[in-house]
Amino acid sequence: MYLNKAQIIGNITKDIELKALPNGNSVVNFSVATNRTWKNTQGEKQEDVEYHNIVAFGKQAEIINQYCKKGDQIYVDGRLQTRSWEAVGQKRYTTEIILENFQFGRKSEKKDDYENETDKKFEEIASQETKHVSVDHENGRELSLENVPF
């Protein structure tokens, strides 16, 4: 029995670009960063980042291109594949995860201009001094919190 399986959860490192193969199939190549945190022998916090190259084809490539962007979290389930090529007289190698399944994770905190403008307006309104008013429904008059004896 043999098993070639890779599963990662991480953040997409750059915006995704959809490409077409000569046969017309869609393909996306993107990178996912995974973080690892531990304490060394002196008790100091250490961090390490690994970058994984992902390749997706067909409908999955189109969906990822449409809904994912830099910073978004994604779960990737696939198989490892190593390919080689010649570059400047040297044989080069790369190992990639060929995507078989995926799930969207949380979206990145990166906001567009509209969201940033909306947040600014909300903060402006929230920071303004508010007047708390209650109404005495029996007499129909306004009650001020300053007049409450406690």
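## A first walk through the chain

At a relative accessibility of just 1%, Asp72 counts as buried. The threshold behind that word is a relative accessible area under 20%, so Asp72 qualifies with its 1%. Everything here is read from a predicted model, and Asp72 is a good place to start exploring it.

### The overall picture

Let us step back for a moment. The protein chain has 150 residues, and 22% of them count as buried. Its regular elements are 2 helices and 8 strands. If you follow the chain from the N terminus, these elements come in the order β-β-β-β-α-β-β-α-β-β. About 12100 Å² of the protein chain is exposed, and carbon and sulfur atoms supply 48% of that area.

Contacts also say something about how the chain is arranged. Take those between residues at least 6 apart in sequence: 53% of them join residues at least 24 apart.

How confident is the predictor? The average pLDDT of the protein chain is 83, and 73% of the residues score at least 70. One stretch deserves some care: over residues 130–135 pLDDT stays under 50, and the model has 9 contacts beyond four places in sequence for this stretch. Where pLDDT is low, the predicted coordinates should not be read in detail.

### Salt bridges

Now back to Asp72. Which residue does Asp72 meet in a salt bridge? The partner is Lys107, and the closest N and O atoms of the two are 3.1 Å apart. Asp72 sits in the loop between α1 (58–67) and β5 (73–87), while Lys107 sits in the loop between β6 and α2 (113–127), so this pair ties together parts that lie 35 residues apart in sequence. Lys107 itself is partly exposed, at 41% relative accessible area, whereas Asp72 is buried.

The count of salt bridges comes to 5, and here are two more to look for. Arg79 and Glu100 bring their side chains together in a salt bridge, with 3.7 Å from N to O. This pair links distant parts of the chain, with Arg79 in strand β5 and Glu100 in strand β6, 21 residues apart.

Glu96 and Arg83 form another salt bridge, in which the closest N and O atoms are 2.9 Å apart. Here too distant parts of the chain are linked: Glu96 belongs to strand β6 and Arg83 to strand β5, and they are 13 residues apart.

How exposed are the residues of these two pairs? The table sets out their values.

| Residue | Relative accessible area | Class |
|---|---|---|
| Arg79 | 31% | partly exposed |
| Glu100 | 36% | partly exposed |
| Arg83 | 38% | partly exposed |
| Glu96 | 7% | buried |

### Along strand β6 and the loop before it

Strand β6 covers residues 90–104, and Phe102 is found there. Is Phe102 buried or exposed? Its relative accessible area is 18%, and since buried means under 20%, Phe102 counts as buried. Beyond its neighbours within four places in sequence, Phe102 is in contact with Gln60, Ile63, Ile64, Ile74 and Tyr75. Phe102 and Val76 are 26 residues apart in sequence, yet their C-alpha atoms are 4.6 Å apart in space.

Val88 lies in the loop between β5 and β6. Its phi is positive, about 50°, although Val88 is not a glycine. In contrast to the buried Phe102, Val88 is exposed, with a relative accessible area of 86%.

### The largest pocket

The last stop is the largest pocket. How much space lies in it? The volume is about 230 Å³. The pocket is lined by 13 residues, and the closest to its centre are Lys14, Lys19, Asn29, Phe30 and Ser31. Strands β3 (26–39), β4 (45–57) and β6 each supply at least two residues of this lining.

Ser31 is worth a closer look. Its place is in strand β3, and with 11% relative accessibility Ser31 counts as buried. Setting aside its neighbours within four places in sequence, Ser31 is in contact with Asn11, Ile12 and Thr13, and also with Tyr51, His52 and Asn53.

How values were computed. Residues are numbered from 1 along each chain as its sequence is written. This is a predicted model: local features need pLDDT of at least 70, side-chain atom pairs count only at pLDDT 80 or more; totals for chains, interfaces and linings use all residues. Side-chain values use heavy atoms; hydrogens and water are left out. pLDDT is the predictor's confidence in each residue, from 0 to 100. Contact means heavy atoms within 4.5 Å. Helices (H or I, at least four residues) and strands (E, at least two) are DSSP runs, numbered from the N terminus. Buried means under 20% relative accessible area, exposed over 50%, partly exposed in between (1.4 Å probe, protein chains only). Accessible areas come from the Shrake-Rupley method with a 1.4 Å probe; for residues, only the protein chains shown count as cover. A salt bridge is a side-chain nitrogen of Lys or Arg within 4 Å of a carboxyl oxygen of Asp or Glu. On a 1 Å grid over the protein atoms alone, a cavity is a set of points where a 1.4 Å probe fits but cannot get out, and a pocket is an open set with protein on both sides within 12 Å along at least five of seven lines; lining residues have an atom within 4 Å of a point. Grid points are joined across faces, edges and corners, and a volume is the space filled by probe spheres set on the points.
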